[in-house]
Amino acid sequence: IPALIGFLFFPQIRQCNRNLLMISIFLLINGVVLYYPQTVRSGNKDARSMTGFDSILLGICGFFGMLAGFSRVGLIISASAVRGADKEHSLNWALLLSLPVLLVYLCFDVFAVMTGGVGALGFKAAIGYALAALGAFLGASLSLHMMRRFSRKVGFSGFSYYCWGAALFTFIMFLFI
């Protein structure tokens, strides 16, 4: 539901996503949010013990994932870990909550192709798009496998260092552009 509300504010979100200063601030915040769960004790909460507050909190994290600089999956994993979920359940919730947003993006893309005219899409372009989709699917499958391994063994706090570095780089770009 928060993601659907976010689509109502899509023009404002798009404008915010084009501002390098805002992106660097969001990356900095995202790094803090990803780092924090390693400072709390790991829990064993699963879907049966999830509360209404947990659901609202994870939905809000999904909404913030629409902003450039925030990782939807990272925010949901961090919030559920802080609320006492184990790492594997946190990852499963994050991936499941990402599906509706990805389906909406897919619908937008299909609509854009349909309104642009299917006739404008040549055979070579269609083959290229199909190969790109296959590559994206294989890359996503490999990424999911790696994320599951990281979630069990290490966690995602290391990604916070990447976010802080990206925030610094983006801020420097903001200063010089």
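The following legends describe close-up views of a predicted model of a single protein chain.

**Figure 1. Overall architecture of the predicted chain.** The protein chain contains eight helices and zero strands, and its elements, read from the N terminus, follow the order α-α-α-α-α-α-α-α. Along the principal axes, the C-alpha atoms occupy a box of roughly 55 × 45 × 30 Å. The chain has 177 residues, of which 29% count as buried. Its accessible surface is about 11400 Å², and 73% of this area belongs to carbon and sulfur atoms. Among contacts with a separation of 6 or more, 76% are made by residues 24 or more positions apart.

**Figure 2. The salt bridge between D54 and R83.** A search of the whole structure finds one salt bridge. In this pair, formed by D54 and R83, the closest N and O atoms are 2.4 Å apart. D54 belongs to helix 4 (residues 52-64), whereas R83 is placed in the loop between helix 5 (72-82) and helix 6 (87-116), so the bridge ties together parts that are 29 residues apart in sequence. The two partners are covered as follows: D54 is buried, at a relative accessible area of 4%, while R83 is partly exposed, at 33%.

**Figure 3. Helix 5 and its burial.** Helix 5 is largely enclosed by the rest of the structure, because 10 of its 11 residues are buried. The buried residues of helix 5 are R72, V73, G74, L75, I76, I77, S78, A79, S80 and A81. After helix 5 comes G84, which has a positive phi near 105°.

**Figure 4. The aromatic pair of Y35 and W164.** Eight aromatic pairs are counted in the model. In the pair shown here, the ring centres of Y35 and W164 are 5.8 Å apart and the ring planes meet at 45°, so the arrangement is classed as tilted. Y35 is located in helix 3 (residues 20-35) and W164 in helix 8 (residues 158-176); the pair therefore ties together parts that are 129 residues apart in sequence. Y35 is partly exposed, with a relative accessibility of 28%, and W164 is likewise partly exposed, with a value of 27%.

**Figure 5. A cluster of phenylalanine rings.** Ring pairs join F26, F63, F64 and F70 into a cluster.

**Figure 6. The surroundings of S157 between helix 7 and helix 8.** S157 is a residue of the loop that lies between helix 7 and helix 8. With a relative accessibility of 13%, S157 counts as buried. Apart from neighbours within four places in sequence, S157 is in contact with L34, Y35 and Q38. S157 and I177 are separated by 20 residues in sequence, and their C-alpha atoms are 31 Å apart in space.

**Figure 7. The contacts of T170 in helix 8.** T170, a residue of helix 8, is buried at 10% relative accessibility. When neighbours within four places in sequence are set aside, the contacts of T170 are L20, I23, S24 and L27.

**Figure 8. A nonpolar patch on the surface.** F123, I127, L131, L134, F137 and L138 make a nonpolar surface patch of about 680 Å². One of these residues, L134, is situated in helix 7 (residues 123-153). L134 is partly exposed, with a relative accessibility of 46%.

**Figure 9. Cysteine residues outside any disulfide.** The count of disulfides in the model is zero. C16 takes part in no disulfide, and the nearest cysteine sulfur, belonging to C163, is 16 Å away. For C61, the closest cysteine sulfur is also that of C163, at 14 Å, which is too far for a bond. A disulfide would require the two sulfur atoms to lie within 2.5 Å. C16 is buried, with a relative accessibility of 19%, and C61 is buried as well, with a value of 11%.

Definitions and conventions: Residues numbered from 1 in each chain as written. Predicted model: local features only at pLDDT ≥ 70, side-chain atom pairs only at ≥ 80, totals over all residues. Heavy atoms only, no water. Salt bridge = Lys/Arg side-chain N within 4 Å of Asp/Glu carboxyl O. Helix = DSSP H or I, 4+ residues; strand = E, 2+ residues; numbered from the N terminus. Buried < 20%, exposed > 50% of the residue type's maximum accessible area, 1.4 Å probe, protein only. Patch = residues over 30% accessible without salt bridge, like charges linked within 9 Å, V, L, I, M, F, W, Y side chains within 5 Å. Areas by Shrake-Rupley, 256 points an atom, 1.4 Å probe, with all protein chains shown as cover. Phe/Tyr/Trp six-rings, centres within 6.5 Å; stacked < 30°, edge-to-face > 60°. Contact = heavy atoms within 4.5 Å.
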